[in-house]
Amino acid sequence: MNRRRRKKLSGRLVIAALVGDLARVRALLRAGAPAETADSAGTTPLYQASVNGDAGIVRALLAAGASPDTESGTGSEGTPMCGAACWGHIEAVRALLEHGADPNLREDHGTGWAPLDWATRGPHPGTAELLVAAGARPSPASAPTGSGND
């Protein structure tokens, strides 16, 4: 597949994940859209689906090869797990954990909040309990800069 077609499919995949169109996500994956991809802004479809709490799309992307720990965006986004935990999307968190996502991976390339930080500040106690059961720990006591919740 040439670079132009791949870029076009990647952009369409991110949009399909954003709007929650599972059928379109599956069709794009069948057409050759890479599951581990990003649009021109660096946004990954897995991050979009995780933030939106669309566990079906999260599972489809993970099954097609998306890495559960790839950070999305250029600073305003983060990891799929942090995005799902922030909004209390427990089924998306569960799907990410089932596919090997690190429950302690802090966003902002390791300098931001961990998923448990987001879940407890949500507050999303069910999501926090699931993360703790998976071995999640809060970030160090000092709040990271640039997290948006300083």
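What is the mean pLDDT of the protein, and what share of its residues reach 70 or more? This is a predicted model, so it pays to start there: the mean pLDDT is 91, and 92% of the residues reach 70 or more.

**Stop 1: the stretch to treat with care**

Color by pLDDT and select residues 142–150. Over this stretch pLDDT stays under 50, and the model gives it eleven contacts beyond four places in sequence. Where pLDDT is low, the predicted coordinates should not be read in detail. With that in mind, let's move on.

**Stop 2: helix H2**

Select residues 22–30, which form helix H2, and show the side chains of Val25, Leu28 and Leu29: these are its buried residues. Now turn the view until you look straight down the axis of H2. The buried residues fall within an arc of 100 degrees, so they line one face of the helix. An α-helix has 3.6 residues a turn, so residues three or four places apart point the same way.

Swing round to the other side of H2 and pick Ala23 and Arg30; both are exposed. To see what sits over the buried residues, add helix H1 (3–19) and helix H4 (55–63), which are among the parts that cover them. Before leaving, click on Gly32, which follows H2 and has a positive phi, near 110 degrees.

**Stop 3: helix H4**

Keep H4 on screen. Which of its residues are buried? Show Ala55, Ile57, Val58, Ala60, Leu61 and Leu62, and you have them. Their cover includes H1, H2, H3 and helix H6 (90–98), so switch those on too. Just as H2 has its glycine, H4 is followed by Gly65, and the phi of Gly65 is positive, near 115 degrees.

**Stop 4: Val58 and Ser50**

Zoom in on Val58, in helix H4. Val58 has a relative accessible area of 0%, so it counts as buried. Leaving aside residues up to four places away in sequence, Val58 touches Leu46, Ala49, Ser50, Ala92, Ala95 and Leu96. Try a distance label from Val58 to Tyr47 as well: they are eleven residues apart in sequence and 8.5 Å apart in space, C-alpha to C-alpha.

One of the contacts of Val58 is Ser50, so hop across to that residue. Ser50 belongs to helix H3 (residues 45–52). Is Ser50 buried or exposed? At 0% relative accessibility, Ser50 is buried. Beyond residues up to four places away in sequence, Ser50 touches Val58, Pro80, Gly83, Ala84, His89, Ala92 and Leu96. Ala92 and Leu96 appear in the contacts of Val58 and also in those of Ser50.

**Stop 5: the cavity**

Rolling a probe the size of a water molecule over the atoms shows where empty space is left. How many cavities of 30 Å³ or more are there? The count comes to one, with a volume of about 30 Å³. To find the spot, select Ala35, Glu36, Thr37, Thr44, Pro45, Leu46, Ala66, Ser67, Thr70 and Pro80, the residues that line it. By class, that lining has five nonpolar, four polar and one charged residues. Two of these residues may ring a bell: Leu46 is a contact of Val58, and Pro80 is a contact of Ser50.

**Stop 6: unusual backbone**

Most residues other than glycine have a negative phi, and most peptide bonds are trans. Here are some places to see something else.

Go to helix H7 (residues 107–110) and pick Asp108. Asp108 is not a glycine, yet its phi is positive, about 55 degrees. Asp108 has 16% relative accessibility, so it counts as buried. Next pick His109, also found in H7. His109 is not a glycine either and has a positive phi of about 55 degrees, but His109 is exposed, with a relative accessible area of 73%. Draw a line from His109 to Thr79: they are 30 residues apart in sequence and 9.2 Å apart in space, C-alpha to C-alpha.

Last, select Gly122 and Pro123. A cis peptide bond joins them, with omega about -15 degrees. Pro123 sits in the loop between helix H8 (115–121) and helix H9 (125–133), and there the tour ends.

Definitions and conventions: Residues numbered from 1 in each chain as written. Predicted model: local features only at pLDDT ≥ 70, side-chain atom pairs only at ≥ 80, totals over all residues. Heavy atoms only, no water. 1 Å grid on protein atoms, 1.4 Å probe; cavity = no way out; pocket = protein on both sides within 12 Å on 5 of 7 lines; lining within 4 Å. Points joined across faces, edges and corners; volume = space filled by probe spheres on them. Nonpolar A, V, L, I, M, F, W, Y, C, P; charged D, E, K, R; others polar. Buried < 20%, exposed > 50% of the residue type's maximum accessible area, 1.4 Å probe, protein only. Helix = DSSP H or I, 4+ residues; strand = E, 2+ residues; numbered from the N terminus. Arc of directions from axis to C-beta. Contact = heavy atoms within 4.5 Å. pLDDT = per-residue confidence, 0-100.
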